[in-house]
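I opened the notebook to record what I looked up in this structure. The entries follow the order in which I checked things.

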Amino acid sequence: MNPKHQPFPDEEAINRLLSRRYRDTSPEFEQRWIDLKRELRQHSPGGSTWFPSRQWAGWLGMLGAIAAIAFVVHTSRTPVPTTAADMDLSPQLTELLAMDQLLSQATPLLDAENRAALLNLPANR
C-alpha cells in the first residue's frame, strides 16, 4: 500500500548508528554545543529570585490554608435564618412549617418497622 516502504534496519546497522559519537551534526554545531556547556558550568546554579523554587509549594500551601481559615471564619459569622419568621416566606409555607413543627412532637401510631413496611408496599392501579 505504501510505495515508499523501506525495510527495517538490521541490528548491526542500529548498533553502528548508536555507537557513533556525534549523530549527523556539523563541526560548527558541536563547537557551539561545547561552548554552551562550558558557559553553563561557569554560572552558579539557582538564581536570584525572590522565592527559591523549592519553597513555592510551601508558600502556596500556606496561603491556601489561610484562605480556607478566613472563609470558614467568615461563613460562620453570618447568621443563618432558623425560623420561618426570619426567612421571608409565603404565608402558606409558613403555615406548613408551623404544622410540621407541631406534628413532630406527636407520638407515631405505628412502630418504625411497620411504617417502613407500609411505605414499601407496591401501589395498586
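In which helix does Met62 lie? I looked it up and found Met62 in helix 3, which covers residues 56-77.

I noted that I am working with a predicted model. The mean pLDDT of the protein is 80, and 78% of the residues reach 70 or more. I then looked at the elements: helix 1 (residues 11-19) has the lowest mean pLDDT among them, 82, and helix 4 (residues 91-103) has the highest, 89. I keep one caution in mind: where pLDDT is low, the predicted coordinates should not be read in detail.

Next I went through the overall make-up. I found five helices and zero strands, and from the N terminus on the order reads α-α-α-α-α. Of the 125 residues, 2% count as buried. The protein exposes about 12,700 Å², and carbon and sulfur atoms supply 61% of that area.

I went back to Met62 and asked whether it is buried, partly exposed or exposed. Its relative accessible area is 41%, so I put Met62 down as partly exposed, since that class lies between 20% and 50%. Met62 also helps to make a nonpolar surface patch of about 630 Å², together with Trp56, Trp59, Leu60, Leu63 and Ile66.

Last, I checked helix 4. It has 13 residues and reaches 18 Å from its first C-alpha to its last, close to the 18 Å expected at 1.5 Å a residue. How many of its 13 residues are buried? The number is zero, so I wrote that helix 4 lies largely in the open.

Note on methods
Residues are numbered from 1 along each chain as its sequence is written. This is a predicted model: local features need pLDDT of at least 70, side-chain atom pairs count only at pLDDT 80 or more; totals for chains, interfaces and linings use all residues. Side-chain values use heavy atoms; hydrogens and water are left out. pLDDT is the predictor's confidence in each residue, from 0 to 100. Helices (H or I, at least four residues) and strands (E, at least two) are DSSP runs, numbered from the N terminus. Patches are made of residues with over 30% relative accessible area and no salt bridge: like charges are joined within 9 Å, nonpolar side chains (Val, Leu, Ile, Met, Phe, Trp, Tyr) within 5 Å. Accessible areas come from the Shrake-Rupley method with a 1.4 Å probe; for residues, only the protein chains shown count as cover. A salt bridge is a side-chain nitrogen of Lys or Arg within 4 Å of a carboxyl oxygen of Asp or Glu. Buried means under 20% relative accessible area, exposed over 50%, partly exposed in between (1.4 Å probe, protein chains only). The expected span of a helix is 1.5 Å times one less than its number of residues.
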